[in-house]
Amino acid sequence: MPGRRLAAATFAIATLALAACDPVDGNEASEPEAPDPASIAGSYEATLEDGRTIIHTLGEDGTYRDVDGEGNPVETGTWRLAEGEICYDPEGSDPETCFAGGPSGKVRRVERPGSEAAQ
């Protein structure tokens with residue numbers, strides 16, 4: 001499903017960005033801490049390998065929503081972080097799936113919760 005492919009790419013990008021931001025005591029060799037779910041929450045625009053654009057929104061309340069480039073719903077459900085992976089449980093009968101990384105694609109954060117764009 002397109003939402004899960006995007007979700008995997010989103011988490012990989014978000015984790016790299018968070019790990020790069022805050023070296024502990026200036027020691028770049030230290031292991032990055034697990035990201036806080038609130039720091040990952042927000043909306044991401046992704047261009048998938050097939051050229052489609054999807055907006056993937058991770059809510060601070062543990063819900064997610066994917067819409068296509070025209071605003072049509074693609075997938076909704078719940079998300080959580082577990083042992084360095086992001087897990088998605090889509091609405092319906094599909095089981096929860098967890099990802100530690102993702103496919104190639106262009107992903108950029110478009111808004112964070114509480115930002116002017118999110119209000």
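## Strands 2 and 3

Strand 2 and strand 3 (residues 63-68) run antiparallel and are joined by 5 bridges. In this predicted model, the two strands form a hairpin with 4 residues between them, and Gly62 in its turn has a positive phi of about 90 degrees.

Thr57 lies in strand 2, which covers residues 53-58, and stands opposite Arg65 in strand 3. Is Thr57 buried or exposed? With a relative accessible area of 17%, Thr57 falls under the 20% limit and so counts as buried. Leaving aside residues up to four places away in sequence, Thr57 touches Gly42, Ser43, Thr63, Tyr64, Arg65 and Asp66. With Ser43, the side chain of Thr57 makes a polar contact, side chain to side chain, at 2.8 Å.

## Strands 1 and 2

On its other pairing, strand 2 is joined to strand 1 (residues 42-47) by 6 bridges, and these two strands also run antiparallel. One of the bridges sets Thr47 against Thr53, its partner in strand 2. Strand 1 and strand 2 form a hairpin with 5 residues between them, and Gly51 in the turn has a positive phi of about 95 degrees.

## The sheet as a whole

The hairpins belong to an open sheet of 7 strands, arranged in the order 6-5-4-3-2-1-7, in which the pairing is antiparallel. Strand 6 (97-99) and strand 7 (106-111) stand at the edges, and because each has a single partner strand, one side of each is left without a neighbour in the sheet. On average, and with direction ignored, neighbouring strands of this sheet are turned by 30 degrees against each other.

## The disulfide between strands 5 and 6

Strand 5 (residues 85-90) pairs with the edge strand 6 in the antiparallel sense over 3 bridges, and within this pairing Cys87 stands opposite Cys98 of strand 6. The two residues form a disulfide with their sulfur atoms 2.0 Å apart, and a search of the whole structure finds 1 disulfide. The pair links distant parts of the chain, Cys87 in strand 5 and Cys98 in strand 6, 11 residues apart.

The link of Cys87 and Cys98 is right-handed, with 110 degrees about the S-S bond. As for accessibility, Cys87 counts as buried because its relative accessibility is 0%, whereas Cys98, with a relative accessible area of 30%, is partly exposed.

## Helices and the loop between them

The protein has 2 helices along with its 7 strands, and from the N terminus on, the elements run α-α-β-β-β-β-β-β-β. Pro35 is found in the loop between helix 1 (2-21) and helix 2 (37-40). Pro35 is buried, since its relative accessible area is 19% and the limit for a buried residue is under 20%. The C-alpha atom of Pro35 is separated by 8.4 Å from that of Leu81, although the two residues are 46 residues apart along the chain.

## Burial, contacts and surface

Across the 119 residues of the protein, buried residues make up 32%. Among the contacts between residues at least 6 apart in sequence, 47% join residues at least 24 apart. The protein exposes about 7,100 Å², of which carbon and sulfur atoms supply 49%.

Technical notes: Residues numbered from 1 in each chain as written. Predicted model: local features only at pLDDT ≥ 70, side-chain atom pairs only at ≥ 80, totals over all residues. Heavy atoms only, no water. Buried < 20%, exposed > 50% of the residue type's maximum accessible area, 1.4 Å probe, protein only. Contact = heavy atoms within 4.5 Å. Areas by Shrake-Rupley, 256 points an atom, 1.4 Å probe, with all protein chains shown as cover. Pairing = 2+ DSSP bridges. Axes fitted to C-alpha atoms, helices over the stretch in contact; angles between N-to-C directions. Disulfide = S-S within 2.5 Å. Polar contact = N/O pair within 3.5 Å; in protein donor to acceptor, adjacent residues only side chain to side chain.
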